[in-house]
Amino acid sequence: MSQKTKALCEGAIMVALALILGMLRLYRLPDGGSITLSILPLVFFAVRYGPGWGFLAGFAFGGLDYIVNNGIAIDWTTIICDYFLAYGLAGLGAGLFRGRRVSACWGTLAGGTLMFLSSYLVGVFVWGKYMPEAFLGMPMTSPWLYSFLYNILWAGPDTVLTIIIFALLYRAPSLRRYLLREDLSGFNR
């Protein structure tokens, strides 16, 4: 089996696991934002195989998440930016720390930040037209503030929880070996 075939198989498994975790919402905001642990398997995969594979897995997950988990969108830009692009960028960012010992925290932080930025910008330019008069007990007059508050409420906890779980799991020698790609030495490139 080639490394490419192994990556495709593992990617499919991680996307499926992310979909399952996406169904287990810890908290749901109005208009679709949710706190889940769905980025955890995507980050694992991206840290193992790099930014290109991470982006592809995140992109695939984003589209499937929109369909399977009843995503909310206004138009095609919100589908692309809040689902395909946001999760693709989460995989890309995490993949930048491929095979490094600091991958658990920095990869998740980079991926979570890029995911947040995608949703934040579409929130400003598209969702901002529909912002409520008040949010979290504060009057909303700026789509920049509204989008920041809304998206940080789900992306922040998602990222922090993923960092904590990833760091705890990284302590297991077999998982650390997996993430550092030590088991791939016998595979063809």
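Where is Leu-136 found? Select Leu-136: this residue sits in the loop between β3 and β4 (138–139). Helices (H or I, at least four residues) and strands (E, at least two) are DSSP runs, numbered from the N terminus. The phi angle of Leu-136 is near 55 degrees, a positive value in a residue other than glycine. Leu-136 counts as exposed, at 54% relative accessibility; buried means under 20% relative accessible area, exposed over 50%, and partly exposed in between (1.4 Å probe, protein chains only).

The model is predicted: local features need pLDDT of at least 70, and side-chain atom pairs count only at pLDDT 80 or more, whereas totals for chains, interfaces and linings use all residues. Residues are numbered from 1 along each chain as its sequence is written, and side-chain values use heavy atoms, with hydrogens and water left out.

**Stop 1: Asn-70 and helix α3**

Select Asn-70 next, in the loop between α3 (51–68) and α4. Asn-70 takes a positive phi of about 55 degrees just after α3. With a relative accessible area of 60%, Asn-70 is exposed.

Now move back into α3 itself. Its 18 residues reach 25 Å from the first C-alpha to the last, close to the 26 Å expected at 1.5 Å a residue; the expected span of a helix is 1.5 Å times one less than its number of residues. Which residues of α3 are buried? They are Gly-54, Ala-57, Gly-58, Phe-61, Gly-62, Gly-63 and Asp-65. The cover over the buried residues of α3 includes α1, α2 and α4.

**Stop 2: Leu-42 in helix α2**

Select Leu-42, which is found in helix α2. Leu-42 counts as buried, at 1% relative accessibility. Not counting residues up to four places away in sequence, Leu-42 touches Val-15, Ala-18, Ala-57, Gly-58, Phe-61 and Tyr-87; contact means heavy atoms within 4.5 Å. Add Ala-90 to the selection: Leu-42 and Ala-90 are 48 residues apart in sequence and 7.8 Å apart in space, C-alpha to C-alpha.

**Stop 3: the salt bridges**

How many salt bridges does a search of the whole structure find? The search finds two, a salt bridge being a side-chain nitrogen of Lys or Arg within 4 Å of a carboxyl oxygen of Asp or Glu.

Select Glu-10 and Lys-6. These residues form a salt bridge whose closest N and O atoms are 3.1 Å apart. Because Glu-10 and Lys-6 are four residues apart in helix α1 (residues 3–23), about one helical turn separates them. An α-helix has 3.6 residues a turn, so residues three or four places apart point the same way. Both Glu-10 and Lys-6 are buried.

Add Arg-48 to the view. Glu-10 also forms a salt bridge with Arg-48, with the closest N and O atoms 2.8 Å apart. Glu-10 lies in helix α1 and Arg-48 in helix α2 (residues 39–49), so the pair ties together parts that are 38 residues apart in sequence. Salt bridges that share partners thus join Lys-6, Glu-10 and Arg-48 into one network.

**Stop 4: Asp-82 and helix α4**

Select Asp-82 in helix α4 (residues 76–95). Asp-82 is buried yet has no salt bridge, and the nearest side chain of opposite charge, Lys-129, is 13 Å away. For charge, Lys and Arg count as positive and Asp and Glu as negative, while His and the chain ends are not counted.

What joins the side chains of Asp-82 and Trp-127? A polar contact of 2.9 Å does so. A polar contact is a pair of N or O atoms within 3.5 Å; within protein, one must be able to donate a hydrogen and the other to accept it, and residues adjacent in sequence count only if both atoms are side-chain atoms.

Follow α4 to Leu-85, where a kink of about 35 degrees is centred. The bend at a residue is the angle between axes fitted to the seven residues ending there and the seven starting there.

**Stop 5: Val-126**

Select Val-126, in the loop between α5 (103–125) and β3 (134–135). Val-126 is buried, with a relative accessible area of 11%. Leaving aside neighbours within four places in sequence, Val-126 is in contact with Ile-74, Asp-75, Thr-77 and Thr-78.

**Stop 6: helix α6**

Finish at α6 (residues 143–170), whose 28 residues reach 39 Å from the first C-alpha to the last, close to the 40 Å expected. Ser-142 caps the N-terminal end of α6, with a side-chain oxygen 3.1 Å from the backbone nitrogen of Trp-144. Further along, α6 has a kink of about 40 degrees, centred on Ile-152.
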